[in-house]
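I opened my notebook today to get to know a new structure. Come along and look over my shoulder.

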Amino acid sequence: MAEAPRVYPIRLYGDPVLRRKARPVQPTDTLTVPGFSPQSVREVAHTMLETMFEARGVGLAAPQVGLPVRLFVAVEYEDDEEENEGQEAPLKSRVLREFVMLNPVLTVTDKKKDRSYQEGCLSIPGIYEEGVPRARAVQVRYTDLDGQERTLEADDYLARVFQHETDHLDGVFFLDRLPPAVTEDHRKELAAMQRQAKAYLQGLAEAEKLRREREA
């Protein structure tokens, strides 16, 4: 298995792990991203952040790297990342805050729906849609990497990010919150992603088989 990955491969639409309801995780757990050696939760979170930065995202949930646990990372940039996607400016230079949330629980604090932002997903690359209904403000209760219980209030774009990432922990994509016709409009692209996801899983299975044969 590969040691100390700099970044993880991001799982694509069609990978079954993205539809599973994730299980709770503790800061003291040891986690194994498929294809890599076991790591601490802190190490996994750090690598997830690096993966997110390389993919020019604002958030990344553990299922997106093959781990069905209730953990996500996110960042708040100096300005909305949706206005800067695809640009080459170093993202880390614009980070205001980083978030690592274990077992997040969302409570809506403003039920009025906001549909004004364009939304995308690192597991559905190249597809962006407006009109995803999200609560304007939320409260998040979560555990940090030191095992401390914390509460955070978020509104507007950051509230959207937290809702998007929490959805991933329950096997939900942003496309699921739009009319079925929207998904159908992207049928060809999504089918191609499903084929890529299947090929990646086959490669993982073959690598694991070879590893076991070498150790036998």
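Below are my entries, which start with one residue and move on to a sheet and its helices.

**Entry 1: the annotated residue.** I kept in mind that this is a predicted model. I began with the UniProt record, an unreviewed entry, and found that it lists E165 under "active site". Next I looked up where E165 sits, and I found it in helix α2, which covers residues 156–169.

**Entry 2: the surroundings of E165.** Is E165 buried or exposed? Its relative accessible area is 4%, so E165 counts as buried, the cut-off being under 20%. Which residues is E165 in contact with, leaving aside its neighbours within four places in sequence? I noted G59, L60, A61, Q64 and F72. For A61 I also have a distance: the side chain of E165 reaches the backbone nitrogen of A61 at 3.3 Å.

**Entry 3: the sheet.** G59, L60 and A61 led me to strand β3, which spans 59–61. I found β3 in an open sheet of five strands, paired antiparallel in the order β3-β4-β5-β8-β9. The edge strands, β3 and β9 (149–155), each pair on one side only. On average, neighbouring strands in this sheet are turned by 35° against each other, direction ignored. I jotted down a reminder for myself: strands of a sheet pair through backbone hydrogen bonds, either parallel or antiparallel.

**Entry 4: strand β8 and its partners.** How many bridges pair β5 with β8? I read off eight, in the antiparallel sense, between β5 (residues 95–114) and β8 (residues 134–143). Two bridge partners are easy to look up: T107 goes with Q139 of β8, and K113 goes with A135 of β8. Turning to β9, I found that seven bridges join β8 to this antiparallel strand. Here T143 stands opposite E149 of β9. The hairpin of β8 and β9 has five residues between the strands, and there G147 takes a positive phi near 85°. I also checked how covered β8 is: seven of its 10 residues are buried, which makes the strand mostly covered.

**Entry 5: the helices across the sheet.** Which strands does α2 lie across? I listed β3, β4, β5, β8 and β9, with the helix running at about 60° to β8. Helix α1 (residues 41–54) lies across β3, β4 (71–77) and β5, and runs at about 45° to β4.

**Entry 6: looking back.** My starting point, E165, belongs to α2, and α2 lies across β3. The contacts of E165 include A61, and β3 spans 59–61.

Terms used:
Residues are numbered from 1 along each chain as its sequence is written. This is a predicted model: local features need pLDDT of at least 70, side-chain atom pairs count only at pLDDT 80 or more; totals for chains, interfaces and linings use all residues. Side-chain values use heavy atoms; hydrogens and water are left out. UniProt positions are given in the numbering used here, feature names are shortened, and annotations may be inferred rather than shown by experiment. Helices (H or I, at least four residues) and strands (E, at least two) are DSSP runs, numbered from the N terminus. Buried means under 20% relative accessible area, exposed over 50%, partly exposed in between (1.4 Å probe, protein chains only). Contact means heavy atoms within 4.5 Å. A polar contact is a pair of N or O atoms within 3.5 Å; within protein, one must be able to donate a hydrogen and the other to accept it, and residues adjacent in sequence count only if both atoms are side-chain atoms. Two strands pair if DSSP finds at least two bridges between them. Axes are lines fitted to C-alpha atoms, for helices over the stretch in contact, and angles run from 0 to 180 degrees between N-to-C directions.
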